[in-house]
Amino acid sequence: MSSVILKSSADSFIKRKHPWIFSGAIGKIEGNPSNGGTVQIFTSHKSLIGSGSYSPTSQIRVRVWSFDPEEKIDKDFFSRKISLASELRKQFIDESQSNAYRLINAESDGLPGLIVDRYSDFLVCQFLSAGAEFNKETIIEILNDIFKPFGIFERSDVEVRTKEGLQPNQSILKGIAPDNLIEVRENGFKFLVDIKNGHKTGFYIDQRDNRKLISEFAKGRTVLNCFSYTGGFSVYALASGAEKIAQIESSSSAIDLSNKNFELNNLNPSLVENINGDVFEILRKFRDERRTFDLIVLDPPKFAESADQIQKASRGYKDINLLAMKLLNQGGVLFTFSCSGHISQELFQKIVAGAALDSGRVIKMIKQLTQSSDHPVSLNFPEGLYLKGLVCTVN
Ligand code: SAH
């Protein structure tokens, strides 16, 4: 097996057991590792510390599979990790209520670069690292044996693949192809999901717990759901007695699907005002019209794709938060999120605080939110925490 020998400056990394080894931390490579192939990892003093997958084109040159020098990276290894991840979900996912959730959360489940989401009888995978791709056949076989899905679909149609020297891919890997829309349950609600063409793997399952929380705040309130996608937050708000809802979304097909989701859950469509447009513009229009709401949700797409976009993204977050704060009635509630991994919880709170100051309103934070528990974060891998949210009140 090929080996990488780390520089002595990588010692602290080894102690922290962070799963990424950057190219600059590698002193020497012995052998001729293939793209995604397994390499042994040695310290500068030549002591074996574990193994990982080699990615010659990526700045993240090695992703650690194991910090146990004895552990073999074979089919049993992947079976063990996948079973462990599944056992964890069983602790908090009630299948009778929710059958759309993340089964494997990459680095945080000890399987760097591998995402597996369950949508009812289908599994949807993303192979985001050379190592995950290299072991694809084995992984598919194990997933098929353990979960016996109708089909396993690949949604590796993402940009990060190119950094790993891989082409984007989207295809059926095993079993039957899913229908264009499949029905899933989430906290007892029904949703139609387009796993072939929808965003991410089809649905924002990371917001499941936060969508549930909105049920506690929506009764009798006028709601504005910004960046509404297929109506996730709107379904919960309507079902828990929201007076009416306006939702803003730039994708007309997502709005169409949200209407189907309202129907599927027997919710009254006459309570919904769909606005197919740009949130930045519509919030300004509402401000000029002096239109107000009791509850506003801001769940924008990732504004910062990389570290050099942090400033621009911060301005975007501040803009929409400031506008939303101005539209809230006295006693109103704001659910505000950022899913940019490059914006820390601390920075996000600062941005929202800056918006509060400029709004001239008295705003209190009553809760901090994060991604749902099926998106666990390994404490050795803080990068895994990407979704941040705040619930704020105006009074
Ligand atoms: N809250 C949703 C997920 C939102 S994802 C849920 O719970 O499912 C972000 C959404 O914002 C996407 O659907 C995207 O199409 C939409 N979007 C992106 N930029 C936008 C803009 N400037 N104005 C309106 N919608 C936008």
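**Exercise 1.** How much area do domain 1 and domain 3 bury between them, and what share of it is on carbon and sulfur atoms?

*Solution.* The model is predicted.
- Start with the bounds. Domain 1 covers 3–66, domain 2 covers 75–175 and domain 3 covers 204–394.
- Take the contact next. Domain 1 gives five residues and domain 3 gives four residues.
- Now the area. Domain 1 and domain 3 bury about 350 Å² between them. Of this, 60% is on carbon and sulfur atoms.
- Last, the separation. The C-alpha centres of domain 1 and domain 3 are 40 Å apart.

**Exercise 2.** How many salt bridges and how many residue pairs in polar contact link domain 1 and domain 3?

*Solution.*
- Count salt bridges between domain 1 and domain 3: zero.
- Count polar contacts: one residue pair qualifies across this interface, with both residues at pLDDT 80 or more.
- Sort the side of domain 1 that touches domain 3: two nonpolar residues, one polar and two charged.

**Exercise 3.** Which residues come nearest to the ligand?

*Solution.*
- The ligand has 14 residues around it; R211, E249, D278, V279 and D299 come nearest.
- Sort the shell by class: six nonpolar, four polar and four charged residues.

**Exercise 4.** Which atoms of the ligand pair with side-chain N or O atoms of R211, D278 and D299?

*Solution.* Use the 3.5 Å cut-off for polar contacts.
- R211: a side-chain N or O atom lies 2.6 Å from a ligand oxygen.
- D278: a side-chain N or O atom lies 2.6 Å from a ligand nitrogen.
- D299: here too a ligand nitrogen is 2.6 Å from a side-chain N or O atom.
- Finish with cover. Alone, the ligand has 580 Å² of accessible area, and the protein covers 90% of it.

Terms used:
Residues numbered from 1 in each chain as written. Predicted model: local features only at pLDDT ≥ 70, side-chain atom pairs only at ≥ 80, totals over all residues. Heavy atoms only, no water. Near = heavy atom within 4 Å. Polar contact = N/O pair within 3.5 Å; in protein donor to acceptor, adjacent residues only side chain to side chain. Areas by Shrake-Rupley, 256 points an atom, 1.4 Å probe, with all protein chains shown as cover. Nonpolar A, V, L, I, M, F, W, Y, C, P; charged D, E, K, R; others polar. Domains from an automatic or database assignment. Contact = heavy atoms within 4.5 Å. Buried area = accessible area lost by both parts, 1.4 Å probe. Salt bridge = Lys/Arg side-chain N within 4 Å of Asp/Glu carboxyl O.
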